[in-house]
Amino acid sequence: MTHILCKTAKELTGLLFVLCSLLFSVACSDFLYDDSDQVAYADKNLLTDDADTLWAVAGIMNKMQVIADRTILLGEVRGDLVTLTNDASADLRAIANFETTSNLNSQSSTLNSQSSTLNSNKYNRPRDYYAIINNCNYYLANADTTIRNSRNERVFIKEYAAVKAYRAWTYLQLVLNYQSVPLITEPVLSMEDAEKNFPRVDIKEVCRYFIDDIAPFADVETPSYGPIRNTDSKLFYYPIKVLLGDLYLWDGQYREAAQSYYRYISTRNGTNTAYTISTNSVRFARNDSKWMSFRDSWSPMFSQENYSSDSELIMMIPGDSIPSEGNYSELRDLFNTSEANDYTCSIVPSQAIIDLSAAQKYCHYTTGGEYVYAPDGLTDFHTGDLRLGAIYTSMDNLGSLNIMSNGKRVTNYSVIGKYQTRNVHILRRAMVWLRFAEALNRAGFPRFAFQILKTGINNNVIAQEVLPYYLDDSEFLSQFNFPNTLYLLETTAGMATENTMGLHSRGSGYTAANASYAFLEDSVLNSQLSTLNSQMDYVEDLITDEEALEFAFEGHRFYDLMRIALRRNDPSYLADRVARRNGTFSPALQATLRDTRNWYLPIE
């Protein structure tokens, strides 16, 4: 068991619990059972004490460490926001180039046929997902949830719900990467078990099964064992309300998705509390006429791993601190140059994210109350939206600064500030809000979703900018309550009590006053936005751009594009963007990705 989780479990119990690591290959019996590595407690009927139960949960977390890096890499390198350097491995390059066995046969002349195929690729190991799933299945089948304490509370219900969430989240990752997967919900403990015929399920079936499975536990609190190695253990668990929102979103149940995300936002800190977007942002100094000085309260959030009422980080997979131990994350070395990796990195921003950032119009206001727009063509990644420049440092924006290593000047310095800790961040506040906006938009309320991007939300905004346009749905909309006393919108006064803004304001200035960032931009758009579907497409495009600006490099981009392309039944929505990621258009890559079968890794 790896370093942080060994420490975690020692602090919880002091007893050893070894869980199985199952192997996955072509035959079901191969990927579900390995006689040399079974569940250690298979001879017990129930997990009945805290030692068994808590060590079992820690063991599942240990298995999740194995897929932590992959969760980020499979979602990012296949998208349009990063490109690979010459130092990237053949395995990583094969993933980025979609070199599956099917398209290698037909397009090996145009793609890098020298890279490893996905059959032997280290990032293509479905067995690791099933190792998590089988451990969850074993726990859920054997944990005794009937035990109650002196207050008649079920003792292990928090851990039981957390394991339900682990399993549902893992199945979602699995089906997003493999399209159709065996659904196994009982523990496999023998070769006989492994040789059973298991049904294959797709994304819709996965979503519907696990919505029903986890919904009864939506209000169960996550476990909390206090600080463990300076990290709050609450951050180790995926909130069920958010996970339900994700499952509903992928399944196209948009009203239900919006309700689930709202329930998390409105109850995360208890009843009658707020969990606001915050006013963390990257801004030009108020009266800097030369556009050179900045105030940045956005990028520091990526190194903060505390749990508080307004913390950005919601869930992470803890990583090891020692490289020699099994589950040490390689993300820092892949995204950053350092002395430790001889100043080589594998992943850098693509031309597509550079162009998208530069295309945004930054709206500024002075202390005199004047609204101005930053000029185009500013250097050092400071044109347009400022988030890319705040999080990415390279030789291009270091100017004359010299970095020396072993007596030689470093010429390829590159750092993406989202990867500075050993832990792998999975979920944060802005994601919940943007997915809430995405769900509201597709539920038929594009103006509601747009205000989350432009001004932020409170009851005044809903009353003035949303309700008048959807009077027939006023009953549904009435459930979304964002009290004005709790959700205080940003103003030019800059009061200390202000705690929410439009998400676009995190990098593009004071968006509430930005005339170019509008629901209806011009007469041409006015004619195009005459139908609700056109309005939803327009706002969805804005949300897609905002997801890129806010979440670049965090492992969500490919899945965001996939979700919208599937929703619109338009593979080109994904294919065209990925084909343009390096600044020039790749017809071969576009052709590959217009066949949706090439979006998935081979499972057999």
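# A guided tour of the model

This is a predicted model, and its mean pLDDT is 86, with 82% of the protein's residues at 70 or more. Colour the chain by confidence before anything else. Select residues 1-30: the pLDDT there is below 50, although the stretch has 96 contacts in the model beyond near neighbours in sequence. Now select residues 101-116, where the pLDDT is also below 50. This second stretch has 31 contacts beyond near neighbours in sequence. Please treat the placement of both stretches with care.

**The whole chain**

Switch to a cartoon view. The protein contains 25 helices and 16 strands. Of its 604 residues, 59% count as buried. Among contacts with a separation of 6 or more, 73% are between residues 24 or more positions apart. Some of the stops below show such pairings up close.

**Stop 1: helices α9 and α10**

Select residues 203-214 for helix α9 and residues 240-251 for helix α10. Their axes lie 9 Å apart, and the helices pack at an angle of about 150°. An angle over 145 degrees counts as roughly antiparallel, and α9 is therefore roughly antiparallel to α10. Turn the view so that one helix lies over the other, and you can follow the left-handed crossing of α9 past α10.

Next, show the side chains at this contact. From α9, display Ile203, Lys204, Cys207, Arg208, Phe210, Ile211 and Ile214. Their partners on α10 are Ile240, Leu243, Leu244, Leu247, Tyr248, Trp250 and Asp251. Keep Trp250 displayed, as we will return to that residue with Arg563.

**Stop 2: helices α16 and α17**

Move on to α16 (residues 429-442) and helix α17 (residues 446-454). Here the axes are 7 Å apart and the packing angle is about 160°. With that angle, α16 and α17 are roughly antiparallel to each other. α16 passes α17 in a left-handed crossing.

On the α16 side, the contact is made by Trp433, Leu434, Phe436, Ala437, Leu440 and Asn441. On the α17 side, select Pro446, Phe448, Ala449, Ile452 and Leu453.

**Stop 3: Arg429**

Stay with helix α16 and centre on Arg429, the residue at which the helix's range of 429-442 begins. Is Arg429 buried or exposed? Its relative accessible area is 1%, so Arg429 is buried.

Follow the side chain of Arg429: one of its polar atoms lies 3.2 Å from the backbone oxygen of Thr276. Now show what surrounds Arg429, leaving aside neighbours within four places in sequence. The contacts include Tyr275, Thr276, Ile277, Ser278 and Asn280. Also among them are Met301, Asp310, Ser311, Glu312, Ile314 and Arg506.

**Stop 4: Thr279**

From there, select Thr279, in the loop between α11 (254-267) and β6 (282-284). Thr279 has 28% relative accessibility and so counts as partly exposed.

Which residues does Thr279 contact, beyond its neighbours within four places in sequence? They are Ser297, Glu490, Glu498, Asn499, Thr500 and Met501. Try a distance label from Thr279 to Thr500: their C-alpha atoms are separated by 5.4 Å, while the two residues are 221 residues apart along the chain.

**Stop 5: Arg563**

Select helix α23 (residues 557-568) and zoom in on Arg563. At 4% relative accessibility, Arg563 is buried. Two acidic side chains are worth displaying here. Glu438 is joined to Arg563 by a side-chain polar contact of 2.8 Å. Asp560 has a side-chain polar contact of 2.8 Å with Arg563 too.

Not counting residues up to four places away in sequence, Arg563 touches Leu249, Trp250, Glu438 and Glu547. Here is the Trp250 you kept on display, one of the α10 residues in contact with α9.

**Stop 6: helices α13 and α22**

Select helix α13 (residues 351-359) and helix α22 (residues 532-551). Their axes come within 10 Å and cross at roughly 110°. That angle makes α13 roughly perpendicular to α22. Show Ile353, Leu356 and Ser357 on α13, then Asp545, Ala548 and Leu549 on α22, to see the residues that make the contact.

**Last stop: Ala58**

Finish in helix α3 (residues 50-76), where you will find Ala58. Ala58 is buried, with a relative accessible area of 1%. Add a distance label to Phe236: the C-alpha atoms of Ala58 and Phe236 are separated by 10.0 Å, and the residues are 178 residues apart along the chain.

Conventions:
Residues numbered from 1 in each chain as written. Predicted model: local features only at pLDDT ≥ 70, side-chain atom pairs only at ≥ 80, totals over all residues. Heavy atoms only, no water. pLDDT = per-residue confidence, 0-100. Contact = heavy atoms within 4.5 Å. Helix = DSSP H or I, 4+ residues; strand = E, 2+ residues; numbered from the N terminus. Buried < 20%, exposed > 50% of the residue type's maximum accessible area, 1.4 Å probe, protein only. Polar contact = N/O pair within 3.5 Å; in protein donor to acceptor, adjacent residues only side chain to side chain. Axes fitted to C-alpha atoms, helices over the stretch in contact; angles between N-to-C directions. Parallel < 35°, antiparallel > 145°, perpendicular 65-115°, else oblique. Left-handed = near helix turned anticlockwise from the far one by under 90°.
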